[in-house]
Amino acid sequence: MQSNIKGIKAAPRALPRGPVLDWSSFRREDVPNVRSVEALPYTVFTTSGRAAIYQALLQLKLPVGSSVLVPTYHCPTMVAPVLLAHLEVTYFGLLPNGLPHLDAIDPAIAQKCKAMLVPHYFGLAQSLKKVRQWCDEHGIALIEDCAHCYFGEAGERAVGAWGDFATASLSKFFPVPEAGLLASAHRPIAPLQLEKPTLKAQLKGWLDVMELATHYQRLRGLSSLLTPLFRFKNLRVQPRSAQETTTEPIAGAMMRDCDMSRIRQTPLSAAMALKATLPRGRIIARRQQNFASYAAYFADVPGARPLFPQTAHSMSSAAPYVFPLWVDDPEEIYQSLRTLKLPVFRWDRIWPGTPALPQDVGPLWSHHVLQLLCHQDLSAADIDRTASMLVHLLQIQQATSRISAA
Ligand SMILES: Cc1ncc(COP(=O)(O)O)c(C=O)c1O
């Protein structure tokens with residue numbers, strides 16, 4: 001396959017954008033001292049991270065129309081649950097380290113807010129001590145969004161232990177079709193009013209896991225038996241029209257794309273069975289290795305830099321979700337990476353009405369920060385392919401700008 005990007009050969013097959021079940025998923029590996037949000041005293045599993053945020057808001061029993069503080073740098077699935085819970089969204093800006101710019105929040109606005117959603121971006125958790133104090137002083141409930149860090153230490157506490165509630169997303173860390181987690185270190189969780197999925201949905205959940213594995217040629221032996229079955233199944237499926245459009249995002253379309261239809265259901269048995277069975281050590285170790293490979297590639301590249309300096313120590317207690325890379329002039333490079341179907345994305349679909357706030361890095365990150373996936377089912381070769389393509393694109397860009405400047 002040939003791409004149209006200056007003679008660069010496209011990858012023969014898109015790389016997986018999330019974990020994929022394989023025999024290696026069952027391999028045990030010892031990774032000591034990494035805690036997880038799933039070990040908090042109170043936990044209930046949901047269908048997704050967005051469902052967990054929605055349920056966290058319901059637990060707080062806020063009056064209809066109350067305001068919830070949400071960061072300007074977000075993905076739409078962080079905003080949709082707030083609106084669906086009939087609450088108002090108020091945005092806060094970010095410091096260059098990704099923590100809320102608390103000093104910039106107008107006290108009059110803070111007084112109106114009843115909850116605050118604070119994510120640990122990219123799976124690189126940090127202490128929320130100051131955020132916790134600020135929330136306590138203002139009578140604001142803290143929802144710690146651990147969608148990017150199912151595992152890790154957040155300064156003085158384990159991930160998830162700062163929030164009144166913590167929320168997490170299992171599908172980013174396990175080869176499951178869906179699932180999220182609502183947890184708390186402090187507050188018992190009132191029973192969620194969840195409905196069970198149908199038997200058809202349960203079976204489809206298992207099939208989806210196996211189909212994804214077959215698609216990426218995992219589960220060797222079993223996948224060759226299953227391939228004809230999935231081919232036959234897909235003969236009957238109508239091709240879907242392209243989901244992505246180039247038009248401006250609007251709130252209604254964004255809400256629809258967030259697909260909140262299953263937020264009031266229990267997670268599928270396929271997700272719960274795999275979550276209960278799969279060992280954690282390999283997930284953590286492979287993510288650390290992939291992250292370290294990216295860090296080595298981008299330590300000194302003209303036109304790009306790692307968003308954060310990471311020390312070996314902070315990495316040993318993390319299982320990152322992505323490697324965040326700042327690119328000076330990202331537009332063409334990002335479009336090329338998308339065309340090449342490499343496992344890289346950018347949070348450039350910001351909810352309409354998100355304000356421009358003073359000293360907020362959010363809008364800059366939405367434009368300049370590329371998120372390079374580093375999940376456990378990307379091999380060292382996959383990371384090399386993605387990183388070397390990115391380096392190559394950066395070199396072409398540098399050379400082109402030198403020529404145009406001459
Ligand atoms: C920070 C953050 N919070 C919440 C979510 C929602 O998680 P899920 O996709 O499991 O609904 C996401 C999804 O990308 C996310 O990045």
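Colleague: How many bridges join β2 to strand β3, and in which sense do the two run?
Modeller: This is a predicted model. Take β2 with β3, residues 88–92. In this pair, Val70 stands opposite Tyr91 of β3. The strands run parallel, and the bridges between them number five.

Colleague: What is the hand of the β-α-β crossover from β2 to β3?
Modeller: The chain leaves β2, passes through α2 and arrives at β3. That β-α-β crossover is right-handed.

Colleague: Which residue of β4 stands opposite Leu69?
Modeller: β2 also pairs with β4, residues 113–119. The sense is parallel, over three bridges. Opposite Leu69 in β4 stands Met116.

Colleague: Which residues of β2 point the other way from Ser67, Leu69 and Pro71?
Modeller: β2 covers residues 67–71 and is mostly covered, with five of its five residues buried. Ser67, Leu69 and Pro71 point one way, and they are buried. Pointing the other way, and buried as well, are Val68 and Val70.

Colleague: Is Leu21 buried or exposed?
Modeller: Leu21 lies in the segment before β1 (42–46). A residue needs 20 or more C-beta neighbours within 10 Å to be buried. Leu21 has 23 inside 10 Å, so Leu21 counts as buried.

Colleague: Which residues is Leu21 in contact with, leaving aside neighbours within four places in sequence?
Modeller: Gln335 is 314 residues from Leu21 in sequence and 29 Å away in space, C-alpha to C-alpha. The contacts of Leu21 beyond four places in sequence are Pro175, Val209, Ala213, Arg218 and Leu219.

Colleague: How many residues of the shell around the ligand are charged?
Modeller: The ligand is surrounded by 13 residues, and the closest are Ser48, Gly49, Arg50, Ala147 and Ser169. Helices α1 (49–59) and α2 (76–84) each supply at least two residues of that shell. By class, the shell holds four nonpolar and seven polar residues, and the charged ones number two.

Colleague: Why is one side of β10 and of β12 left without a neighbour in the sheet?
Modeller: The open sheet has four strands in the order β10-β11-β13-β12, with antiparallel pairing. β10 (304–306) and β12 (344–345) stand at its edges. One side of each has no neighbour in the sheet because each has a single partner strand.

Colleague: Which residue in β13 stands opposite Phe345?
Modeller: β12 and β13 (residues 369–373) run antiparallel, joined by two bridges. Across from Phe345, in β13, stands Gln371.

Definitions and conventions: Residues are numbered from 1 along each chain as its sequence is written. This is a predicted model: local features need pLDDT of at least 70, side-chain atom pairs count only at pLDDT 80 or more; totals for chains, interfaces and linings use all residues. A residue is near a molecule or strand if its C-beta atom, placed from the backbone, lies within 6 Å of it. Ala, Val, Leu, Ile, Met, Phe, Trp, Tyr, Cys and Pro count as nonpolar, Asp, Glu, Lys and Arg as charged, and the others, Gly among them, as polar. A residue is buried if 20 or more other C-beta atoms lie within 10 Å of its own, exposed if 12 or fewer, and partly exposed in between; C-beta atoms are placed from the backbone. Two strands pair if DSSP finds at least two bridges between them. A crossover is right-handed if, with the strands pointing away from the viewer, the path from the first strand over the helix to the second runs clockwise. Two residues are in contact if their C-beta atoms, placed from the backbone, lie within 7 Å.
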